[in-house]
Amino acid sequence: MVSFRRERVSTTGGDGRFPRGIPSDVVSLTERTRTRLDHTLASAQREGGTPSMVAGVVRDGALVWSGAAGSVGASAPDDDTQFRMGSITKTFVAVAILRL
């Protein structure tokens, strides 16, 4: 099983958190973090046995990283690939209710 660990990039605040008010173009991921996210995504896709997977990191409302692994038909997935939800919406609703 692949575990996702949150990596913090140091800021002027020194506590590892991004203070409110910093423009999202200033808040970015290091190249090392991007590489690790790409590797983790590919590992999760292989180990989970899914045909393809797309993931993203949003910080302060802005997309700072996105990646894709696997294939959809004859092509690789990208940021615009639409996946069918199937019956997974039941899981989303159950988690949302549990979080209330």
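The legends below accompany an overall view and three close-ups of a predicted model.

**View 1. Overall fold of the protein chain.** In this predicted model, the protein chain contains 2 helices and 2 strands, and these elements follow one another from the N terminus in the order α-β-β-α. Of the 100 residues in the protein chain, 19% are buried, while the accessible surface amounts to about 7,800 Å², with 54% of that area belonging to carbon and sulfur atoms. Among contacts with a separation of 6 or more, 44% join residues that stand 24 or more positions apart.

**View 2. The largest nonpolar core.** This core consists of 5 residues, namely Leu29, Leu41, Val64, Trp65 and Ala69. Strand 2 is the element that gives the most to this core, with 3 residues.

**View 3. Surroundings of Leu41.** Leu41, a member of the largest nonpolar core, is in contact with Met53, Ala55, Trp65, Gly67, Ala68 and Ala69 once its neighbours within four places in sequence are left aside. Trp65 and Ala69, which appear among these contacts, also belong to the largest nonpolar core.

**View 4. A nonpolar patch on the surface.** Val54, Val72 and Phe83 together form this patch, and their combined accessible area is about 210 Å². Phe83 is located in the loop that connects strand 2 (62-70) with helix 2 (89-98). With a relative accessible area of 41%, Phe83 counts as partly exposed, because that class covers the values between the buried limit of under 20% and the exposed limit of over 50%.

Conventions
Residues are numbered from 1 along each chain as its sequence is written. This is a predicted model: local features need pLDDT of at least 70, side-chain atom pairs count only at pLDDT 80 or more; totals for chains, interfaces and linings use all residues. Side-chain values use heavy atoms; hydrogens and water are left out. Helices (H or I, at least four residues) and strands (E, at least two) are DSSP runs, numbered from the N terminus. Buried means under 20% relative accessible area, exposed over 50%, partly exposed in between (1.4 Å probe, protein chains only). Contact means heavy atoms within 4.5 Å. Accessible areas come from the Shrake-Rupley method with a 1.4 Å probe; for residues, only the protein chains shown count as cover. Patches are made of residues with over 30% relative accessible area and no salt bridge: like charges are joined within 9 Å, nonpolar side chains (Val, Leu, Ile, Met, Phe, Trp, Tyr) within 5 Å. A salt bridge is a side-chain nitrogen of Lys or Arg within 4 Å of a carboxyl oxygen of Asp or Glu. A nonpolar core is a set of buried Ala, Val, Leu, Ile, Met, Phe, Trp, Tyr and Cys residues joined through side-chain atoms within 4.5 Å.
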